[in-house]
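Please open the model in your viewer and keep the sequence panel beside it. The tour below moves from one selection to the next and says what is to be found at each stop.

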Amino acid sequence: EAVYSFAAMEKKWPAVWDDLGVFTPADDGSKERRYVLDMFPYPSGDLHMGHAEAFAMGDVVARYWRQLGFDVLHPIGWDSFGLPAENAAIKHNAHPSEWTYRNIDTQAGSFKRYAISVDWSRRLHTSDPEYYRWTQWLFTRFYDRGLAYRKNSPVNWCPKDQTVLANEQVVNGACERCGTQVTKKALNQWYFKITDYADRLLDDMDQLKGHWPERVLAMQKNWIGRSEGAHVRFAIEAAGNKPEEQVTVFTTRPDTLYGATFFVVAADAPLALDLVDDEHRDALLQYREDVKALSDIERQATDRTKTGVFTGRYAVNPLNGEKLPVWAADYVLADYGTGAIMAVPAHDQRDLDFARTFDLPVRAVLDTGEEDPSVSGTATTGEGTLVNSGELSGLPKSEAIPAAVRILEEKGTGEKFVNFRLRDWLLSRQRFWGTPIPIIHCEECGEVPVPDDQLPVTLPTGLKGEALAPKGTSPLASVEEWVNVPCPSCDGPAKRDTDTMDTFVDSSWYFMRFVSPHFTEGPFDPEAVRNWMPVGQYVGGVEHAILHLLYSRFFTKVVKDMGLIEADEPFSALLNQGQVLNGGKAMSKSLGNGVDLGEQLDKYGVDAVRLTMVFASPPEDDVDWADVSPSGSAKFLARAWRLGQDVASEPGADAAAGDKKLRSVTHRTIADAAELLDAGKFNVVIAKLMELVNATRKTIDSGAGAADPAVREAAETVAVILSLFAPYTAEDLWNALGHPASVANAGWPAVDPSLLVQDTVTAIVQVKGKVRDRLEVPADITEDALRELALASEQVQKTLDGDGIRTIIVKAPKLVNIVPA
Ligand code: ANZ
Ligand code: ZN
């Protein structure tokens with residue numbers, strides 16, 4: 001007798017699938033197209049348990065959509081530039097490409113074994129010149145549109161990695177990658193003007209509601225941080241040798257202008273140095289040193305005692321002419337709003353804490369019915385009526401805000417303003433293993449984008465090992481023959497830009513490259529983009545909630561404005577799969593609780609591991625590997641597989657003649673599975689499948705047995721549904737049932753609605769206490785429905801013989817008693 005052997009199946013099927021091109025979309029318009037994508041992997045080492053989970057989930061969707069008859073695009077590639085390759089190269093005196101492409105090969109082999117249903121012919125690597133040529137091309141187009149620019153400003157600097165970081169890569173003040181405390185450094189850097197798209201990035205989230213996790217949308221919304229308010233200009237009085245000047249503040253509460261009692265500039269902003277008078281200069285310089293050591297988070301912590309220094313200057317309130325002392329403090333941030341604020345201690349807690357520390361006046365201008373803030377120490381922020389506020393007095397807050405803006409506009413000292421928390425995306429990096437920035441610096445012509453016919457600007461091949469060690473300047477700067485080039489515009493001597501791009505640039509458009517990965521006329525074939533985009537289901541970890549997902553949305557919008565794509569949004573639906581834990585904790589080296597994917601696959605087989613990943617919990621929940629049972633999964637798979645060995649009828653047997661009870665389980669399973677898959681409850685589908693396998697086995701062991709055509713129908717259904725989770729076992733089962741490969745294209749089984757009737761019970765219908773009829777009714781029938789059925793009964797009508805009804809008592813689902821008039 002044949003035995004279930006995962007090893008034999010894993011050996012047999014991949015070549016068959018490859019030969020048949022099962023996972024290559026037809027791409028000819030014969031079927032409706034659907035695009036499903038897993039966030040592409042970074043080639044660090046071999047695949048791990050996290051990949052195994054994420055890709056198992058994405059593959060359920062891809063395989064389900066294929067069964068439904070869609071033309072499915074499910075590609076794979078590698079996000080293959082980045083620091084780990086470079087660090088490995090330094091350590092092993094090698095070139096980063098060696099490490100990178102070796103790991104890619106290893107991972108590709110593991111993916112094939114793991115039987116992810118991807119079209120391998122579309123494979124791409126962002127570190128291939130054929131790919132980064134178009135990353136560079138896109139950069140030059142962004143540059144032409146004014147969306148890529150260089151500016152000198154203080155940037156986040158990781159002292160360990162010796163490179164700058166985008167705001168998005170600083171987590172709680174530390175480098176997202178290595179955890180080192182990030183410092184600030186003034187540098188001339190390249191930026192993408194993502195702030196130009198802030199409104200659209202926010203507004204278009206409406207299209208994603210209900211299809212993206214709420215939490216991700218909330219995080220993006222918060223990151224973009226749209227704030228409605230006003231710009232208000234204050235004159236700073238001349239003092240000593242300092243002339244009068246104007247400083248603008250951003251406020252969300254222009255209604256509180258009469259409550260402003262002091263003025264604060266960010267201590268670390270150039271403005272502070274500019275304003276401070278001679279007498280207070282030393283104190284400010286000293287204070288700025290202290291501030292440097294603090295992260296933005298620490299600076300804004302509410303439990304810290306407020307600090308600051310007086311600048312010796314006074315600001316004039318544009319509404320009432322009052323003079324306000326100007327302070328420099330760290331709780332005001334240099335790069336938010338204008339870096340300066342009007343302080344209203346009665347109605348802003350931060351200002352109140354500061355006022356109490358430095359004994360500054362507190363004046364309430366909004367009567368909210370709460371205790372006076374100068375007494376309670378708590379700023380009042382609720383609704384109320386304006387007081388002590390000149391022409392604004394008596395107005396409710398909601399009217400006072402626009403009224404204040406109107407007055408400011410009339411006086412020419414302010415206007416409505418919408419402020420964003422979002423900053424431009426700092427994209428240049430002083431490292432080697434990335435896409436070179438395609439700009440040439442010419443003394444005559446300035447910045448000149450590299451012309452299309454000179455792309456790609458490829459990385460020099462000679463650098464390796466120590467030459468790549470971080471020095472704070474790009475390693476590319478040391479390769480003179482690479483740096484020195486003729487200016488594309490005047491042919492004079494010029495130099496290449498030596499920075500490379502943040503790898504998040506590479507990953508901001510790869511999903512568009514996949515639709516035509518070999519296209520040579522542009523980053524993608526516009527027709528293919530029209531056909532395939534947007535991605536119908538994107539799958540990946542919540543750690544990308546802001547960075548990658550926001551950048552990809554930005555790129556898509558710019559590309560849309562270039563007329564190259566019609567979609568506003570790249571990913572219509574997003575699934576954040578949970579993490580794989582071990583013993584309730586994330587796997588980590590330091591805890592020593594890592595589980596090796598390869599070992600699990602060797603021990604239980606690919607299908608058992610995949611099935612376990614999906615069965616353990618809903619896709620978005622964590623899976624604790626200490627709590628699951630891959631051996632239980634393996635047993636179930638063997639049980640399902642054995643059905644194929646036992647079925648005795650031939651393919652095409654007429655199921656209608658088969659056992660009704662099993663048939664109804666089969667059809668209910670098909671119907672439920674479709675509903676559950678659409679709702680993303682993949683784990684429950686597996687539970688249903690287990691029931692179906694049990695019911696089938698029971699029928700084989702009794703009555704008509706293995707020859708019953710209902711058994712064949714059930715086993716075929718098991719194969720098709722199982723193919724979403726355990727492709728090897730499903731294919732083998734399908735094969736044993738006499739079908740050619742591949743079960744992946746078998747098609748979702750049709751449901752016979754007449755077989756879906758729920759459990760029924762027998763209802764007894766009495767007339768004057770005597771049983772007159774018995775009705776087969778659904779167990780969950782309503783009283784009304786049962787009453788109607790009873791009255792419609794021929795037997796009942798005969799008995800009543802035209803008499804009316806006095807009372808009718810209905811006890812659903814079992815009893816109806818009719819008393820005639
Ligand atoms: C006066 C005022 C009165 C304010 C009041 C609030 C309440 P969001 O909503 O986050 O945009 N602010 C402005 N720039 C700042 C900076 N660079 N650092 C720290 N705080 C800053 O917050 C806007 C409010 O935060 C602004 O409105 C300003 O304080 C403060 F009853 O102005 B407000
Ligand atoms: Zn030139």
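What is the geometry of the site of the zinc ion (ligand 2), judged by the angles among its four donor atoms? In this predicted model, the angles among those four donor atoms run from 105 to 114°, and the site is tetrahedral.

**The zinc site**

Select the zinc ion (ligand 2) together with Cys442, Cys445, Cys487 and Cys490, whose SG atoms are its protein donors and lie 2.2 to 2.4 Å from the ion. If you then follow these donors along the chain, you will find them in the spacing C-x2-C-x41-C-x2-C. Colouring by accessibility separates two of the cysteines: Cys442 is buried, with a relative accessible area of 7%, whereas Cys445 is partly exposed, with a relative accessible area of 33%.

**The strands β21, β23 and β24**

Next, select residues 439-442, which form strand β21, and residues 493-496, which form strand β24; these two strands pair in the antiparallel sense over three bridges. Within this pairing, Ile440 has Arg496 of β24 as its bridge partner. Now add strand β23, residues 484-486, which also pairs with β24 in the antiparallel sense over three bridges, and look for Asn484, which stands opposite Lys495 in β24.

β23 and β24 form a hairpin with six residues between them, and Asp491, in the loop between these two strands, deserves a selection of its own. Most residues other than glycine have a negative phi. The phi of Asp491, however, is positive, near 70°. Is Asp491 buried or exposed? Its relative accessibility is 60%, and because values over 50% are classed as exposed, Asp491 counts as exposed.

**Two cis peptide bonds and another positive phi**

Move to Pro456, which has its place in the loop between β22 (446-449) and α14 (480-483); the peptide bond leading from Leu455 to Pro456 is cis, with omega near 0°. A further cis bond, again with omega near 0°, joins Ala812 to Pro813, and Pro813 is found in the loop between β33 (805-811) and β34 (815-820).

Then select Asn93 in the loop between α3 (83-91) and α4 (96-113), where you will find a residue that is not a glycine and yet has a positive phi of about 50°. Asn93 counts as partly exposed, at 47% relative accessibility.

**Ser516 and its surroundings**

Which residues does Ser516 touch, leaving aside those up to four places away in sequence? Select Ser516 in the loop between α16 (510-513) and α17 (526-532), and display Arg122, Phe524, Asp525 and Ala528, which are the residues it touches on that count. The side chain of Ser516 also reaches the backbone nitrogen of Asp525, at 2.8 Å. Ser516 has a relative accessible area of 11%, and because buried means under 20%, Ser516 is classed as buried.

**Helix α18**

Continue to helix α18, residues 547-561, and place a distance label between its first and last C-alpha atoms: its 15 residues reach 21 Å, close to the 21 Å expected at 1.5 Å a residue. Because 13 of the 15 residues of α18 are buried, the helix is largely enclosed by the rest of the structure. After α18 comes Gly563, which has a positive phi, near 80°.

**Two open sheets**

For the parallel sheet, select four strands, which run in the order β2-β1-β26-β27 and make up an open sheet. At its edges stand β2 (71-73) and β27 (574-575), and because each has a single partner strand, one side of each is left without a neighbour in the sheet. Strand β1, residues 33-38, pairs with β2 in the parallel sense over three bridges, and Tyr35 stands opposite Leu73 in β2.

For the antiparallel sheet, select another four strands, in the order β6-β5-β9-β19, which also form an open sheet. Its edge strands are β6 (163-165) and β19 (425-426), each pairing on one side only. Strand β5, residues 148-158, pairs with β6 in the antiparallel sense over three bridges, and here Asn156 stands opposite Leu165 in β6.

**The whole protein**

Finally, zoom out until the whole chain is in view. The C-alpha atoms fill a box of roughly 110 × 85 × 50 Å along the principal axes, and the secondary structure comes to 27 helices and 34 strands. Of the 821 residues in the protein, 54% are buried.

Conventions. Residues are numbered from 1 along each chain as its sequence is written. Chains are lettered from A and ligands numbered from 1 in the order in which they are written. Side-chain values use heavy atoms; hydrogens and water are left out. Buried means under 20% relative accessible area, exposed over 50%, partly exposed in between (1.4 Å probe, protein chains only). A polar contact is a pair of N or O atoms within 3.5 Å; within protein, one must be able to donate a hydrogen and the other to accept it, and residues adjacent in sequence count only if both atoms are side-chain atoms. Contact means heavy atoms within 4.5 Å. Donors are N, O and S atoms within 2.8 Å of the metal (3.2 Å for Na, K and Ca); water is not among the atoms, so sites may look incomplete. Four donors count as tetrahedral if all angles lie between 85 and 135 degrees; four count as square planar and six as octahedral if opposite donors are over 155 degrees apart and all others between 65 and 115; anything else is irregular. The expected span of a helix is 1.5 Å times one less than its number of residues. Two strands pair if DSSP finds at least two bridges between them.
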